[in-house]
Amino acid sequence: MKLRTKLWLLLVVSTAASMILFGFSSVWIGKVANKGYALFQLNPLAQSVVDLVEQQPVFGPDTVKPILDQAHAEHPAIRWMWLDDQGRSIYDTAGLNPVYSFKDLAMLMQQLPKSYLTDADVHVLTQTDKDGKSYFLLLSLPASAMKQGEVYFLIRKISSLLTLTIPLILAFSLPFLLAIWLFSSINRRIRKLNRALNQLNIQHDSPTVTLIDASKDELGQISRHYNEMALRIRSQFTEIQQFESKRKLLLSNLSHDLRTPLTTMLGCAEMIRTGNYKDQHELQSRAKIILQRCRYMDKLLDQMLDISRLDADDLTLRLAHHNLSEIVRKIAVEYFMILDGGQVVLDVDTPDEDIHLYMDAPLIERALRNLLDNAIRYGKDGRYLGIRLTADGQSVSVIVKDKGKGIPPEHQAHIFERFYRVDSGRSGEGLGIGLAIVKDISLAHQGNVELSSTPNVETVFRIKLPC
Ligand code: ADP
């Protein structure tokens, strides 16, 4: 069943139920909380007593008294009087037997029905005839014996019902119309939301369905959440796609990077096995090639291990106090030896005093080596490699600088992402995770890593660690 039909049914049923409930509850509550005589009861009550009297052969005190006494016993709040046509009391249940002139009686009746709204006594006069003479039954009761609230409709002709029904219909239809208007607008907004959810497409090149709902109510909030969610899902999906394509590229680069040195190694090993070399010098150079390729493959395998460790979030720190100055100096000496004979100038700048830090020394060494290897591999054209260590009381910085080709500005924001490489098509240079590892190591030490690069001028990586 559609929501609109449901609403209609609900409104019709609830209106009928509320009318019935109103009728029953007002009568019931009226009986309990609004005790007393209703105005419309008094005339029939008087008439019933007159009917009893009319059955008597004569309307004298003897015949009237038991009837009025009986009526008084049943309705003690009412004073009953039987009057003749001269206004003389034939019997009075109050025992006062007054004499009324026509004027007195007229005055008693004069204020009716206005007197029902005041605290004055209420009187009802009922007339009957016997032997050509008129007799009257006069009922008097205090206002306190009447109901304290009564509502009446007087309908003389069926056509006059309209005067009642039209205002009633108008009064009832207003909340109906307002409820339907409210519901229709809510329904429309829900349908819009539904349609947008159905059309939600996470492909980044498909058009986005943006919901415009400025209202501050719950549906407005849901619409805004939907817009944010759709954007987030799309951007995450794009990230996943990019990650996936980088991963595929990584695998193809990796297989190429492993096969190339293997082929060289096989060739060299075969030459050594068959003794097909000129002299001892050639033998040494072939062995050196095998050694180099082995180191390269070892490094690749190390990086692959790093990928799986990063995937498993397995970067647990083994913290201890270490002398960072000593570590930097030791690594600088290592690289001095590696660069020995080359054209790259090594510039080392460390403070004289020792800098002690609470850190995982092998990991920090690893990060520094990654930066130095990159500076040599990608920045060798600048023929400069700088290593600097500084401390300012709050933090310690390890800076690696080169003056090579650098990293173009459009790549700098992504350079610390996993598998990101400036020249992603080229294989044989790395897997694109060295800098991601540097970043992870820095963050794990509550520090960070920053890059500033002006291509062919200077490229600076700075690992900043808190003291
Ligand atoms: P890998 O070196 O294994 O490719 P990295 O994460 O270490 O991965 O480096 C990512 C990319 O950043 C490299 O492919 C390279 O293009 C660029 N890069 C890193 N360091 C430098 C540098 N000093 N100079 C120029 N480019 C660099």
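## Helices α2 and α3

Helices α2 and α3 cross in a right-handed manner (the near helix is turned clockwise from the far one by less than a right angle; anticlockwise would be left-handed). The model is a predicted one, in which local features need pLDDT of at least 70 and side-chain atom pairs count only at pLDDT 80 or more, while totals for chains, interfaces and linings use all residues. Residues are numbered from 1 along each chain as its sequence is written, and side-chain values use heavy atoms, with hydrogens and water left out. Helices (H or I, at least four residues) and strands (E, at least two) are DSSP runs numbered from the N terminus.

The axes of α2 and α3 come within 10 Å and cross at roughly 155°; axes are lines fitted to C-alpha atoms, for helices over the stretch in contact, with angles from 0 to 180 degrees between N-to-C directions. The two helices are therefore roughly antiparallel (over 145 degrees; under 35 is roughly parallel, 65 to 115 roughly perpendicular and the rest oblique). At their interface, Val49, Leu52 and Val53 of α2 meet Val64, Ile67, Leu68 and Ala71 of α3, contact being heavy atoms within 4.5 Å.

## The four-stranded sheet

Four strands form an open sheet in the order β2-β1-β4-β3, with antiparallel pairing; two strands pair if DSSP finds at least two bridges between them. At the edges lie β2 (89–92) and β3 (122–130), each of which pairs on one side only. From one strand to the next, the twist averages 20°. Nine bridges join β3 to β4 (residues 133–141) in the antiparallel sense, and His123 has Ser140 in β4 as its bridge partner.

Helix α2 (residues 39–54) packs on this sheet, touching β1 (79–84), β3 and β4, and its direction makes about 30° with that of β3. Helix α3 (residues 61–74) lies across β1, β2 and β4 and runs at about 155° to β1.

## Helices α5 and α6

Helix α5 spans residues 161–199 and contains Ser185. Ser185 is buried, at a relative accessible area of 15% (buried means under 20%, exposed over 50% and partly exposed in between, with a 1.4 Å probe and protein chains only). A polar atom of the Ser185 side chain lies 3.0 Å from the backbone oxygen of Leu182.

The axes of α5 and α6 (residues 218–274) come within 11 Å and cross at roughly 10°, and the two helices are therefore roughly parallel. Their crossing is left-handed. Ile186, Arg189, Ile190, Leu193, Ala196 and Leu197 of α5 make the contact with Leu219, Gly220, Ile222, Ser223, Tyr226 and Met229 of α6.

## The five-stranded sheet

A second open sheet has five strands in the order β6-β8-β9-β11-β10, with mixed pairing. Its edge strands, β6 (345–349) and β10 (448–454), each pair on one side only. Direction ignored, neighbouring strands are turned by 10° against each other on average. Strands β9 (residues 395–402) and β11 (residues 458–466) pair in the antiparallel sense over eight bridges, and the bridge partner of Val398 in β11 is Ile463.

Helix α8 (residues 324–338) packs on the sheet, touching β6, β8 (384–391) and β9, with a direction at about 175° to that of β8. Helix α9 (residues 361–379) also packs on the sheet, touching β8, β9 and β11, and makes about 20° with the direction of β9.

## Helix α11

Within α11 (residues 434–444), the buried residues include Gly434, Leu435, Ala436, Ile437, Val438, Ile441 and Ser442. Gln446, just after α11, takes a positive phi of about 65°.

Notes:
A polar contact is a pair of N or O atoms within 3.5 Å; within protein, one must be able to donate a hydrogen and the other to accept it, and residues adjacent in sequence count only if both atoms are side-chain atoms.
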